Amino acid sequence: MLVFEFHSELTPIDEHDRLIDATAGPNGAMITLWATAEGADVLTARYKNSVGVSFARSRATRPVSARVVTYAPDVCAVVPIAELTSTFPKVQTFPDGAVLVVGSRCRWSPEGPEHNAAIYGPEGALIRTGVLGDGINHVAVSSSGDIWVGYFDQGVFGSNGWGGPGPEPIGSAGLVRFDRSLRPVWWFDDTPIIDCYALNVDGDTAWAYYYTKFPIARITNGTTTIWNNPGSADGANALAVADDRVALYGGYGHDRERLVLGRLDDSRFHVQQVDKLGFPRLERRHHTRLYGRGDTLHLIADQRWYRARPLG
């Protein structure tokens, strides 16, 4: 059985900082976002409506000081952010060292939509802000600086004012590519994406795996290719790719550590092996995150970085 192997300890710059987000970048580095415990609580706050249902806030109640730290595997870059207000933020870096921070939620109102995306220079100066829409599940910057965004169902069908009374959700296609000016320049237009479960950006090629029938899509040079899934690899939450080989990790219920290996041939994903990918022994499974980037699966748990290369 394959196992995740320990790669690095994500040690905070300040011992009082708490990890908010961590995701792999285009060069195999790990990009992280940190704030104080109090600041982290503000950026991940929820509220209850009149009947007690909990919702994620789309905007922080006050600006929070944060920092983006890149590990490769040791600390190699630190970008301070003076005033962050996007909630449930996701972070990426551009090839020149600039930083992208995107809030997962975004409210529309008659006065205009909230700006939930911001680009900062390598020294932390704000360059521009923009609107990437609500219901964001994945954000990945390509090797050339394109921004790929995958949405979950609320971002597709509408929430927080989008889709009524506001305009059609920005994420209605399920997968959108933005340029560095934070303008949408490409929309997925093949089989409908209800929820983008997994996104992998390898170089300038994007791969998506999505609900309901969980096909695998590759987008390269503006051309989309779809491979149907026979049904033995539903519900995965990360994928790794190498040429025509694909690894799908995760699933529903007892399949959460399932690893499905297969090949892409004609219009179908051919399953060749179903196994398990061993999870490391963790004290708490605190802030566990899993991402695929290229041929590698990255696991963040308890501020430790683990990797697995299931495709050899």
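**Group meeting talk: cores, rings and salt bridges**

Okay, let's start with two tryptophans: W207 is buried, and W227 is buried as well. Before I go on, please keep in mind that what you're looking at is a predicted model.

So how are the rings of W207 and W227 arranged? Their centres are 6.0 Å apart and their planes sit at 20°, so this pair is stacked. If you want the cut-off behind that word, planes under 30 degrees apart count as stacked. And where do you find them? W207 is in strand β18, residues 205-211, and W227 is in strand β20, residues 223-227. That puts the two tryptophans 20 residues apart, so to speak a link between distant parts of the chain.

That's one aromatic pair, but how many aromatic pairs are there in total? The count comes to 13. Another one I'd like you to look at is F4 with Y249, and this time the arrangement is edge-to-face. Centre to centre you get 5.6 Å, and the angle between the planes is 90°. F4 lies in the loop between β1 (2-3) and β2, while Y249 is in strand β22, residues 245-249, so this pair ties together parts of the chain that are 245 residues apart in sequence. Both partners are tucked away, too: F4 is buried, and Y249 is buried. While we're on aromatics, there's also a cluster, made of Y197, Y209, Y211, F214 and Y252.

Let's move on to the nonpolar cores. A bit of background first: in soluble globular proteins, nonpolar side chains tend to be buried together. Here, the largest nonpolar core has 22 residues. Which of its members touch the most other members? Those are L100, L132, I147, V149, Y151 and F178. As for the strands behind this core, β10 (99-103), β11 (117-120), β13 (136-141), β14 (147-151) and β15 (175-178) each supply at least two of its residues.

I147 is a nice one to click on. Setting aside its neighbours within four places in sequence, I147 is in contact with a whole list of residues, including F94, L100, L132, V139, V141, V176, F178 and L182. Some charged residues are on that list as well, among them R177, D179 and R180. Apart from this core there's another one, with 19 residues, among them A40, V64, L84 and Y120.

Now the outside. Which residues make a nonpolar surface patch of about 220 Å²? That would be I13, V75 and V78. I13 is in the loop between β2 (5-9) and β3 (17-24), and at 43% relative accessibility it counts as partly exposed.

A quick stop at a proline, P26. You'll find P26 in the loop between β3 and β4 (30-36), and with a relative accessible area of 31% it is partly exposed. Leaving out residues up to four places away in sequence, P26 touches T93, V141, S142, S143 and R293. You may remember V141 from the contacts of I147. P26 and V201 are 175 residues apart in sequence, but C-alpha to C-alpha they are 7.5 Å apart in space.

Last topic: salt bridges. Side chains of opposite charge can pair when their charged atoms come close. In this model the count is 12 salt bridges. Let me show you three.

For R304 and E9, the closest N and O atoms are 3.5 Å apart. R304 is in strand β27, residues 304-308, and E9 is in strand β2, so this salt bridge ties together parts that are 295 residues apart in sequence. R304 is partly exposed at 24% relative accessibility, and E9 is partly exposed at 36%.

Next come R67 and D17, whose side chains meet at 2.7 Å, N to O. R67 is in strand β7, residues 59-71, D17 is in strand β3, and they are 50 residues apart. Is D17 buried or exposed? D17 is buried, with a relative accessible area of 8%, whereas R67 is partly exposed at 24%.

Finally, D244 and R263 form a salt bridge at 2.8 Å, N to O. D244 is in the loop between β21 (238-242) and β22, and R263 is in strand β23, residues 258-265, 19 residues apart. D244 is partly exposed at 31%, and R263 is partly exposed at 33%.

That's my tour, thanks!

Methods
Residues are numbered from 1 along each chain as its sequence is written. This is a predicted model: local features need pLDDT of at least 70, side-chain atom pairs count only at pLDDT 80 or more; totals for chains, interfaces and linings use all residues. Side-chain values use heavy atoms; hydrogens and water are left out. A nonpolar core is a set of buried Ala, Val, Leu, Ile, Met, Phe, Trp, Tyr and Cys residues joined through side-chain atoms within 4.5 Å. Buried means under 20% relative accessible area, exposed over 50%, partly exposed in between (1.4 Å probe, protein chains only). Helices (H or I, at least four residues) and strands (E, at least two) are DSSP runs, numbered from the N terminus. Contact means heavy atoms within 4.5 Å. Patches are made of residues with over 30% relative accessible area and no salt bridge: like charges are joined within 9 Å, nonpolar side chains (Val, Leu, Ile, Met, Phe, Trp, Tyr) within 5 Å. Accessible areas come from the Shrake-Rupley method with a 1.4 Å probe; for residues, only the protein chains shown count as cover. A salt bridge is a side-chain nitrogen of Lys or Arg within 4 Å of a carboxyl oxygen of Asp or Glu. Rings of Phe, Tyr and Trp (its six-membered ring) pair if their centres lie within 6.5 Å; planes under 30 degrees apart count as stacked, over 60 as edge-to-face and the rest as tilted.
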